[in-house]
Amino acid sequence: MSALTAEVAVLAAAEGDVDGIQLFLPASYDIVWSAVVMVAVGLMFYKLVLPKFTAILDERTAKIEGGLSKAEHAQAEADALLAQYKAQLQEARTDAARIREEARGEATAIVAEAKAKASEESARIFETAQRQIEAERQQASTSLRNDVGALATELASKIVGESLEDTARQSRVVDRFLDELEASALTTAPKGK
């Protein structure tokens, strides 16, 4: 630092007598030319650089505002889609509940129909069985009647000693015997039945 101080002192001595603060103040011609250069640079900055900065800042502001408006629009669309989705979900739940109720109703109807068909089928089977039993009873009765008639005729022939081969006579004897047998069975049967 002492070299710099010595040099400043040499320059000051060359210009004349400079004391104290005057050492730090430039000469007036330096101030004027510095002011002219500064005004020229300021005008160039004001005319060339500042409009570009302003345009860039305006462009950024527009982009930001556009982005915000797009975001607001997207948010509004998302809210509308969410509301639509919720409405569709509620509608789907309502439809599902309605379909479940319809299915329960159909199931009840199917069960009732199946019960009715089963009841009809069991009645038909019972009736068929009754008819078959009656037919078999009639067949057994006819067969028994014929067998009993043949045995009774043979027995009566042996007892009476005369032939009862005549079919009309044989039939009358058998019918009379069976009628008497049925009548005696009815009189001896308990009256509670």
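**Salt bridges and exposure in helix α2**

Tutor: Arg124 and Glu121 both sit in helix α2, 3 residues apart, about one turn of the helix. This is a predicted model, where local features need pLDDT (the predictor's confidence in each residue, from 0 to 100) of at least 70, side-chain atom pairs count only at pLDDT 80 or more, and totals for chains, interfaces and linings use all residues. Residues are numbered from 1 along each chain as its sequence is written, and side-chain values use heavy atoms, with hydrogens and water left out.

Student: What makes α2 a helix?

Tutor: Helices are DSSP runs of H or I with at least four residues, numbered from the N terminus. Helix α2 covers residues 28–160, with a mean pLDDT of 90.

Student: Why is the contact of Arg124 and Glu121 called a salt bridge?

Tutor: That term needs a side-chain nitrogen of Lys or Arg within 4 Å of a carboxyl oxygen of Asp or Glu. Here N to O is 2.2 Å, so the pair qualifies.

Student: And what makes Glu134 and Arg137 a salt bridge?

Tutor: Their closest N and O atoms are 2.6 Å apart, so that one passes too.

Student: How do you know whether Met44 is buried or exposed?

Tutor: Buried means under 20% relative accessible area, exposed over 50%, partly exposed in between (1.4 Å probe, protein chains only). Met44 has 52%, so it's exposed.

Student: Why is Arg124 called partly exposed?

Tutor: Its relative accessible area is 45%, so it falls in between the two cut-offs.

How values were computed. Helices (H or I, at least four residues) and strands (E, at least two) are DSSP runs, numbered from the N terminus.
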